[in-house]
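Me: I would like to go through the terms used for this structure and ask what each of them rests on.

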Amino acid sequence: MTIKEVAKLAGVSPASVSRYLNDGPVSDSMRFKIRRVIEETGFQPNQYAQTMRSGRSRQILVIIPRLDSMSASQILNGVSERLIQSDYMLILGLTGGDHDKEAQYLKNLQSSMVDGIILMGTGMTKELRNCILAADRPVVVTGQNFSGIPCVYHDDYHAVKDLTGRALAGGRRHLAYLGVRREDLAAGEQRQMGAYDAIIEAGFDPNRCDWGTVEFSFESGELVMKQMLERSPEIDAVICATDTIALGAMKALRENGRRIPEDVVVGSIGDSWASQAAIPPLTSVHLNYKKCGMIAADMLLSRLGSKRGEISARQVMLDYSITERGSL
């Protein structure tokens, strides 16, 4: 079935059907007639032809580093909810944390049938920044604060600073921090700096603490925690960059005969469902990941159709709260 046939059945012009399909101006009476014919006949417009006419595919590409990330899944839920409400389709791109792949996705944006991109950022390279700024369609970044680029991010620095301060205020003196690579400006750099400054403000020497770099995995958290206990058996507080890392660390502590929280307190970031199922339940910082995804989608949709430079690059920082459980 063609647009002309739909128009004939509805008693309207083909131009009116085209405007209806492309969200153009159509009177309520015409809209009712066209919708009724489409519902009765099951008419499906040619997506490619419609995209060529309107310049819109109604598809948004969301680039994520890992599929098994609990934070990424929550952000995706927020993005998806908003896109569905606005009749947009979500397409997923996976990078494995490779900055080169992030840049390649953005280069391909010029020739792809997507209206915009939401990038769950990890780190910023010169090439990535240039690709974002050169893109002729809108790009919004989540999880990182990149200057001059639309972003929705978390207060990672103060979240870890507050969490570390609580451990030290409870009388703990031998702290270990399990963080990720500092090329990740939020989960790596900002969270580690929050712990570092909390230690200084409490009047202690951060160089006497044990600092470990791990991957975003349970296994890595467990392995590095075991290594820390071998060289620093006096550890009585552990702060971790993510819940997944903390769960691995807790396993290593238990196998070492350490009681949580009697001998060692543990805190982390994420407030995932797994933190509630841990034994004991894990004290964790709640970051508003779903809200982050919803705001990022709203920001992207508001930029669609706007002229380049018409909307300033907004940076939105979200708040946090500490969910207190039995581990700290």
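The turns below set computed values against the definitions behind them.

Reply: Before the terms, a caution: this is a predicted model, in which local features need pLDDT of at least 70 and side-chain atom pairs count only at pLDDT 80 or more, while totals for chains, interfaces and linings use all residues. Residues are numbered from 1 along each chain as its sequence is written, and side-chain values use heavy atoms, with hydrogens and water left out.

Me: Why is Gln 59 called buried?

Reply: Gln 59 has a relative accessible area of 18%, and buried means under 20%, with exposed being over 50% and partly exposed in between (1.4 Å probe, protein chains only), so Gln 59 counts as buried. Gln 59 lies in strand 1 (residues 59–64), strands being DSSP runs of E of at least two residues and helices runs of H or I of at least four, both numbered from the N terminus. Leaving aside neighbours within four places in sequence, its contacts (heavy atoms within 4.5 Å) include Tyr 88, Ile 91 and Val 114.

Me: Why does Leu 92 count as partly exposed?

Reply: Leu 92, in strand 2 (residues 89–94), has 40% relative accessibility and therefore counts as partly exposed. Together with Leu 67 and Leu 94, Leu 92 forms a nonpolar patch on the surface, with about 280 Å² of accessible area. Such patches are made of residues with over 30% relative accessible area and no salt bridge, nonpolar side chains (Val, Leu, Ile, Met, Phe, Trp, Tyr) being joined within 5 Å and like charges within 9 Å.

Me: How do you know that Asp 155 has no salt bridge?

Reply: A salt bridge is a side-chain nitrogen of Lys or Arg within 4 Å of a carboxyl oxygen of Asp or Glu. For Asp 155, which is buried, the nearest side chain of opposite charge, Arg 191, is 9.6 Å away, so the criterion of 4 Å is not met. Asp 155 sits in the loop between strand 5 (151–154) and helix 8 (156–169), and beyond residues up to four places away in sequence it touches Met 317, Leu 318 and Tyr 320.

Me: What makes the span of helix 11 close to the expected one?

Reply: The expected span is 1.5 Å times one less than the number of residues; helix 11 (residues 243–255) has 13 residues and reaches 18 Å from its first C-alpha to its last, close to the 18 Å expected. Its buried residues, among them Ile 245, Leu 247 and Met 250, pack against several elements, including strand 6 (175–179) and helix 10 (218–231). Just after helix 11, Gly 257 takes a positive phi of about 85°.

Technical notes: Lys, Arg positive; Asp, Glu negative; His and termini not counted. Areas by Shrake-Rupley, 256 points an atom, 1.4 Å probe, with all protein chains shown as cover.
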